[in-house]
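Here is a short briefing on one protein chain. Look at the fold first, then read the points below.

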Amino acid sequence: MKALYWHLWFYEEPLTPLIGTFELNVCHFINILSQSDPPYNVNVLTKSSVKENDSVELTCSSNSNPPANSYQWFSSNGKRLAENPTYKLEKVSRHTEAISCTAINTEGKNCSGPQKLNILYPPEIKSESSCQSKILTACVCIVDSNPPSEVKCFGPDSSKAFSSTSIKQNESLTIFTLQGWLGFPETIQCFANNSLGSSSITLEAPQNGIIIYIAVASAVVVVLACILVYVVARRCGKRAAQLHVIKNEQNEMKITQNKSDLEKIM
């Protein structure tokens, strides 16, 4: 009110119109406060990340008038989990489903979107990791972890890491691919580590495919070489025979010519 009176004294305005305006604004403010709404801005509040096997508490937050007086928690498949403003999950895992909450007051209810927890866990090298050998030997190491892992592959002596042919990241999966020709080791050591731990696996790299490929290629080369030698030899033989026939014909022609010359002299 002091600010209002100062305003009146400074402009020397009549009191009555300003008082009426002040009363109107106060009434409008009271109407806003008394307006009833169902819950809105419903959200699940929790930690930004949590380690696997730890517990975490979730809070259902909302705006409404009157405030929400009832809450419901649901899993991603629609199963009701609890009916409190907060919900505690024990021993979360990487497979924990997304969770949503519903806030309810006398005017209605509203739901949050599904909240997927950010679960942190150490590397796990999947059983699908393997080596295959055809023309090339290709080894694939598949690692599941959060945060993503650094993946390296070594030979039997673990002294030198192989450079990857490709590294792909698909959500929590890191796919390390290694390809090679001759001289590929019989075993490959795959190592993965992140800030929460490490893991390793030994992969067998079969050599049969390469050996068969070399044997087949060598046999093909030998057969082609034999065919080439045979063809060249035949052509050379035919050419020599033709030359021999031509030479004999020329000799016979010379003998005949000599006989003719002698007869003329006689």
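Buried means under 20% relative accessible area, exposed means over 50%, and partly exposed lies in between (1.4 Å probe, protein chains only). By that cut-off E52 counts as buried, because its relative accessibility is 19%. This is a predicted model: local features need pLDDT of at least 70, side-chain atom pairs count only at pLDDT 80 or more, and totals for chains, interfaces and linings use all residues. Residues are numbered from 1 along each chain as its sequence is written, and side-chain values use heavy atoms, with hydrogens and water left out.

**Confidence**

- pLDDT is the predictor's confidence in each residue, from 0 to 100.
- The chain has a mean pLDDT of 80, and 70% of its residues reach 70 or more.
- Residues 1-24 have a pLDDT below 50. Beyond near neighbours in sequence, this stretch has nine contacts in the model (contact means heavy atoms within 4.5 Å).
- Residues 26-32 also have a pLDDT below 50, with zero contacts beyond near neighbours in sequence.
- Where pLDDT is low, the predicted coordinates should not be read in detail.

**The chain as a whole**

- Three helices and 17 strands make up the secondary structure. Helices (H or I, at least four residues) and strands (E, at least two) are DSSP runs, numbered from the N terminus.
- Of the 266 residues in the chain, 26% are buried.
- Take the contacts between residues at least 6 apart in sequence: 60% of them join residues at least 24 apart.
- The chain exposes about 18500 Å², and carbon and sulfur atoms supply 57% of this area. Accessible areas come from the Shrake-Rupley method with a 1.4 Å probe; for residues, only the protein chains shown count as cover.

**Two nonpolar cores**

- A nonpolar core is a set of buried Ala, Val, Leu, Ile, Met, Phe, Trp, Tyr and Cys residues joined through side-chain atoms within 4.5 Å.
- The largest core has 19 residues. Those with the most contacts inside it are V56, L58, W73, L89, V92 and L117.
- Strand 1 (37-45), strand 3 (56-65), strand 4 (70-75), strand 6 (86-89), strand 7 (99-105) and strand 9 (119-125) each supply at least two residues of this core.
- Another core, of 15 residues, lies apart from it. Its members include C131, C141, V151 and L203.

**Strand 4 and its partners**

- Five of the six residues in strand 4 are buried.
- Two strands pair if DSSP finds at least two bridges between them.
- Strand 4 pairs with strand 7 in the antiparallel sense, over six bridges. Here S75 stands opposite I99.
- Strand 4 also runs antiparallel to strand 5 (residues 80-82), joined by two bridges. W73, listed in the largest core, stands opposite A82 in strand 5.
- Which residue in the turn between strand 4 and strand 5 has a positive phi? G78 does, at about 90°, in a hairpin with four residues between the strands.

**A buried loop residue**

- E52 sits in the loop between strand 2 (50-51) and strand 3.
- Leaving aside neighbours within four places in sequence, E52 is in contact with V92, S93, R94, I119, L120 and Y121.

**Strands 10 and 11**

- In a regular strand the side chains alternate between the two faces of the sheet.
- Strand 10 (residues 130-133) has a covered face, C131 and S133, and an uncovered one, S130 and Q132.
- Strand 10 and strand 11 (residues 137-146) pair antiparallel over four bridges. A hairpin of three residues joins them, and S133 has T137 as its bridge partner.

**A four-stranded sheet**

- An open sheet has the strand order 13-12-16-17, with antiparallel pairing.
- Strand 13 (161-162) and strand 17 (197-204) are at the edges. Each has a single partner strand, so one side of each lacks a neighbour in the sheet.
- Strand 16 (residues 187-194) joins strand 17 through eight bridges. One bridge pairs N193 with S198.

**An aromatic pair**

- Rings of Phe, Tyr and Trp (its six-membered ring) pair if their centres lie within 6.5 Å; planes under 30 degrees apart count as stacked, over 60 as edge-to-face and the rest as tilted.
- The structure holds two aromatic pairs. In one, the ring centres of F154 and F191 are 5.5 Å apart and the planes are at 80°, so this pair is edge-to-face.
- F154 is in strand 12 (residues 150-154) and F191 in strand 16, 37 residues apart.
- F154 is buried, at 15% relative accessible area, whereas F191 is partly exposed, at 33%.
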